[in-house]
Amino acid sequence: MDTEQKTVDVSFENLLRIFTVPEGPDSTLTKIEEELSRNLNQFLREHIVAEEKPLKEIEKDFSNPTIPEQPSFVSDHTQHLLDTLVSHSVHTSAPSFIGHMTSALPYFLMPLSKIMIALNQNLVKIETSKAFTPLERQVLGMLHRLVYQQNDTFYTQWMHSAEHSLGAFCSGGTIANITALWVARNNALKAQGDFQGVEKEGLFKAMKHYGYNGMAVLVSKRGHYSLKKAADVLGLGQDELIAIDTDDANRLCPSALAKQLKQLQQQNIKVIAVIGVAGTTETGNIDPLDEIAELCQQYQCHFHVDAAWGGATLMSNRYRTLLKGIERADSVTIDAHKQLYIPMGAGMVLFKNPDSMRSVEHHAQYILRKGSKDLGSHTLEGSRSGMAMLVYAAMNIISRPGYELLINQSIEKAQYFAKLITHQPDFELISAPELCLLTYRYVPEKTRKALKVASGKPLAELNDKLNELTQFIQKTQRETGRSFVSRTQLNPQHLEQRDTIVFRVVLANPLTQNEILQAVLEEQREIAAKAPNLNKQLMSLTNELLKK
C-alpha cells in the first residue's frame, strides 16, 4: 500500500545534498542498490507483483498534473516508486515471460550503467565525450567486421577517420532504419550539375531534376512497422513503401520482388532501397538475402538489411550461415538491446562503404566542425548517451564464443519447444522456428481433425472461434501473472490465408528452462478449459464438419 511521501523545505543547501551527499547505509535507496547488486532477479521477483492490476487503477497513481511545491525525501520517494511503479511493471526478465524480445540482463551491466550515467557523456561531439568517441567508433568497427569481414587494413584506415563513418549508434532499430533509408535517399538523389542534392533542394526539385515519376522502397509483407515511419519522415509517403508477397515460411518471394522492380522501372519510378529482413518481428524468419542482393545489383538500388533481431546470430559459427548474403548489403540494422543482452536504447546502423554517410553530413560553427571526429555530424539524433560503453563491455566480458553459446541455446530451445508442441494432440504449430521465435495456438484434438477437412465458410467460422479462444487464453494467462506469451495475427497458407490469431514466443532468455515451456502449455490447456461457452460453440462447429 502506498504511503504519503514526507516533504522537506526548499533550500539551496538541501538541493546541494542530493548532488554531493550519498544516502545513508540504512536508507531505502542504499538497500535497493545492495539488493540489485547481490541478486537482480531475486529483487525483481520480490518487488514486481504477480497479479495484474488494471491499467485504469494504475493511472489513478499517476493522475496529478501538478509539479510538487515541496520536495520529497529521497528514500520516501523511492518507496513510493517501489509501491506504484516497480510493483506493476512488466517482469521482462522472468524465465516464464517468453512473449517479449527483451530478456534477462547480465548482472555487471547494473554497476556499469551507474558509471555511464554518472559520467553523463554526450556523444554528439568530442568536447563532451572524449574517450567515448573512439570507443563508439571501435564498437561500430567490431560489429561492421562481424557483418562485412573486412581485413585489418580496412579498419585501420577507416574506423577512426574524421571524414568517414562505418555507421551510427541510435536509440533503437526505428532510428537505425530511418538513418539507413535517409542515407539511401540522399545518395540516390545526390548533387549533379546545377542540382545541389535532395538534402539542399528537397524532393520536388530532386525528382524534377532526375525526371522520376515517383520513388519507392520495397520490403516483404513481414517488414517492421518502423519502415512506414521512415517512408513518412523522408517524404516518400507510406503508400510508396511497397509490400512484397511472402512464401509459406514468411520469407520474401524473389520472383515477386523481381516482377515489382521491373514494373517500377518501366514506370520510371526510382527504387530508393530494397529491404531484406533478417529475423521478422512476428515469426523470426530470414529473407533470401543473397537473391535480394542479386536483384539490387541488377537494378542498381540500395540494399538494406533490417537485422535488428537476427543480426546477433552472426556471433554463432554454427548458425551464421542463416544470414548468408548479409555481407552484400549496403547497410544493416542491429539492435544490441535484443540478442546482445544490453538494456533498452542501443540500436546501430552499419554501412559497408565508409563514404556512404557523407550524404547526410551536417556541420555547425559551435559544434560538429568540419575535420573534427564529432559523431553527431553523421547521426539523425543529436545529444546521445554513451550506450556504446555497455555494448563494448558486454562484447569483452561475454566474448564472441560466449555469445555463440547464448545464440545456439536460444535457437535450439525454440526447436525443442516446436517439437514439444507438435507432439501435443491439442496444440498446432503455426510457424516453425528459424531463429528463436515461433508461433502456435491451442486447438482441441477433435477440432484439429475438422480443420483438415474444412474449407470456405465452415473453415472461416471455425477459425474465427479459435481466434476468440486464443485471445481468451492469452489475456487470461497474462492477467494471472505466472507466465506470459504474446499474440499476433498471421495469414497461414494452410488456413487459406485467413486472419489467424496465434501465440508468439521468443526464447532468448538463457534462464528459461524446458520445464517452464512444458508448464506454459499446461497452463494454457487449463485456461482453455475455463471457457465453457467458447468450447461449446467450437465443438458444435467441429461436430457439424465431421458429420459431413
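Analyst: A residue is called buried when its relative accessible area is under 20%. The term is applied here to a predicted model.

User: Why is M315 called buried?

Analyst: The relative accessible area of M315 is 5%. The cut-off for a buried residue is under 20%, and M315 with its 5% is therefore classed as buried. M315 lies in the loop between strand 5 (302-306) and strand 6 (331-335).

User: What makes up the surroundings of M315, leaving aside its neighbours within four places in sequence?

Analyst: M315 is in contact with L146, L340, M395, R400, Y403 and E404, neighbours within four places in sequence being left aside. A further relation is that to Y148: 167 residues separate M315 and Y148 in sequence, and their C-alpha atoms are 13 Å apart in space.

User: How do you know whether T439 is buried or exposed?

Analyst: T439 belongs to strand 9 (residues 437-442). Its relative accessible area is 0%. Since buried means under 20% and exposed means over 50%, T439 is to be called buried. Residues touched by T439, beyond four places in sequence, include E282, L429, V502 and R504.

User: With which side chain does the side chain of T439 make a polar contact, and what makes the pair count as one?

Analyst: The partner is the side chain of S431, at 2.6 Å. The limit for such a pair of N or O atoms is within 3.5 Å, and the value of 2.6 Å satisfies this distance limit.

User: Why do strand 1 and strand 3 count as edges of the sheet?

Analyst: The sheet is open, with seven strands in the order 1-7-6-5-4-2-3 and mixed pairing. Strand 1 (167-170) and strand 3 (241-244) each have a single partner strand, so each has one side without a neighbour in the sheet.

User: How do you know that strand 2 and strand 3 pair?

Analyst: Pairing requires at least two bridges. Strand 2 (residues 214-220) and strand 3 share four bridges in the parallel sense, and the requirement is therefore met. Among the partners, L218 is bridged to I242, and V219 stands opposite A243. The chain passes from strand 2 through helix 11 (residues 226-233) to strand 3 in a right-handed β-α-β crossover.

User: What describes the packing of helix 16 and helix 17?

Analyst: Helix 16 (residues 445-453) and helix 17 (residues 456-480) pack at an angle of about 145 degrees, with their axes 10 Å apart. Their crossing is left-handed. T447, A450 and L451 of helix 16 and L459, L462 and L466 of helix 17 make the contact.

Key: Residues are numbered from 1 along each chain as its sequence is written. This is a predicted model: local features need pLDDT of at least 70, side-chain atom pairs count only at pLDDT 80 or more; totals for chains, interfaces and linings use all residues. Side-chain values use heavy atoms; hydrogens and water are left out. Helices (H or I, at least four residues) and strands (E, at least two) are DSSP runs, numbered from the N terminus. A crossover is right-handed if, with the strands pointing away from the viewer, the path from the first strand over the helix to the second runs clockwise. Buried means under 20% relative accessible area, exposed over 50%, partly exposed in between (1.4 Å probe, protein chains only). A polar contact is a pair of N or O atoms within 3.5 Å; within protein, one must be able to donate a hydrogen and the other to accept it, and residues adjacent in sequence count only if both atoms are side-chain atoms. Contact means heavy atoms within 4.5 Å. Axes are lines fitted to C-alpha atoms, for helices over the stretch in contact, and angles run from 0 to 180 degrees between N-to-C directions. A crossing is left-handed if the near helix is turned anticlockwise from the far one by less than a right angle, and right-handed if clockwise.
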